Amino acid sequence: MAGLQAGAPTPTALTVHGQSRVLEVAFSDGAVFRLPFELMRVLSPSAEVQGHGPGQETLQTGKRDVTLLGLEPVGHYAVKPTFSDGHDSGIFTWDYLYTLGAEQDRLWADYEARLQAAGRQRDDPMPVKGGHGCASH
């Protein structure tokens, strides 16, 4: 979903619940969603997670216990969370947050199906990426 559409719901409140690890988002149309930090992290709209085109996504694992360290506004259209695993490059537009909330059940099911197809478990550690200037060579 591209930029904010005219008349699209906008957040009226954002509440970080650190203990239960959810971001509660209330929207102008009355909808209220509780977005688990894990869901936000594994579906981050960043290039690191989504890639630069279809088929380039990086399956995220080991994010069940991730927490939100910060939530920075981006203009009047988005927020940029900083997660406890260091990930901070995802910009979550209001439309994307709404989609995460409204389609949460389907998105979880899709994520679990991708894990199963890859032979991975939700709590598996992320694989170590090679070729990034490791000094031990």
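Rings of Phe, Tyr and Trp count as a pair if their centres lie within 6.5 Å, and a pair is edge-to-face when the planes are over 60 degrees apart. By that test, the structure holds five aromatic pairs. One of them joins Phe 33 and Tyr 98. Their ring centres are 5.1 Å apart and their planes meet at 90°, which is edge-to-face. Phe 33 belongs to strand 3 and Tyr 98 to helix 3, so this pair ties together parts that are 65 residues apart in sequence. The model is predicted.

**Sheet 1-2-3**

Strand 3 is part of an open sheet of three strands. The order is 1-2-3 and the pairing is antiparallel. Strand 1 (11-17) and strand 3 (32-36) stand at the edges with a single partner strand each, so one side of each has no neighbour in the sheet. From one strand to the next, the twist averages 15°.

Helix 3 packs on this sheet. The helix touches strand 1, strand 2 and strand 3, and its direction makes about 85° with that of strand 3.

Strand 1 and strand 2 (residues 22-27) are joined by six bridges. Within this pairing, Val 16 has Leu 23 of strand 2 as its bridge partner. Strand 2 and strand 3 pair over five bridges, again in the antiparallel sense. Here Glu 24 has Arg 34 of strand 3 as its bridge partner. The hairpin of strand 2 and strand 3 has four residues between the strands. In that hairpin, Gly 30 takes a positive phi near 95°.

**Sheet 4-5-6**

Another open sheet is built from three strands in the order 4-5-6, with antiparallel pairing. Its edge strands are strand 4 (68-74) and strand 6 (92-93), each of which pairs on one side only.

Strand 4 and strand 5 are linked by six bridges. Gly 70 stands opposite Thr 82 in strand 5. The hairpin of these two strands, strand 4 and strand 5, has three residues between them, and Gly 75 takes a positive phi near 55°. Strand 5 (residues 78-83) pairs with strand 6 over two bridges. Ala 78 stands opposite Thr 93 in strand 6. Val 79 has Phe 92 of strand 6 as its bridge partner.

The strand pairings of both sheets are listed here.

| Strand pair | Sense | Bridges |
|---|---|---|
| Strand 1 and strand 2 | antiparallel | six bridges |
| Strand 2 and strand 3 | antiparallel | five bridges |
| Strand 4 and strand 5 | antiparallel | six bridges |
| Strand 5 and strand 6 | antiparallel | two bridges |

**The largest pocket**

The largest pocket has a volume of about 240 Å³. Its lining counts 13 residues. Closest to the centre are Val 42, Leu 43, Gln 50, Glu 57 and Arg 114.

Which helices supply at least two residues each of the lining? They are helix 2 (47-50), helix 3 (94-102) and helix 4 (104-117). Helix 3 gives the most, with three residues. By class, the lining has seven nonpolar, four polar and two charged residues.

**Helix 3 in context**

Helix 3 recurs in each of these topics. The helix packs on the sheet of strand 1, strand 2 and strand 3. Helix 3 holds Tyr 98, the partner of Phe 33 in strand 3. Helix 3 also gives three residues to the lining of the largest pocket.

Methods: Residues are numbered from 1 along each chain as its sequence is written. This is a predicted model: local features need pLDDT of at least 70, side-chain atom pairs count only at pLDDT 80 or more; totals for chains, interfaces and linings use all residues. Side-chain values use heavy atoms; hydrogens and water are left out. On a 1 Å grid over the protein atoms alone, a cavity is a set of points where a 1.4 Å probe fits but cannot get out, and a pocket is an open set with protein on both sides within 12 Å along at least five of seven lines; lining residues have an atom within 4 Å of a point. Grid points are joined across faces, edges and corners, and a volume is the space filled by probe spheres set on the points. Ala, Val, Leu, Ile, Met, Phe, Trp, Tyr, Cys and Pro count as nonpolar, Asp, Glu, Lys and Arg as charged, and the others, Gly among them, as polar. Two strands pair if DSSP finds at least two bridges between them. Axes are lines fitted to C-alpha atoms, for helices over the stretch in contact, and angles run from 0 to 180 degrees between N-to-C directions. Contact means heavy atoms within 4.5 Å. Rings of Phe, Tyr and Trp (its six-membered ring) pair if their centres lie within 6.5 Å; planes under 30 degrees apart count as stacked, over 60 as edge-to-face and the rest as tilted.
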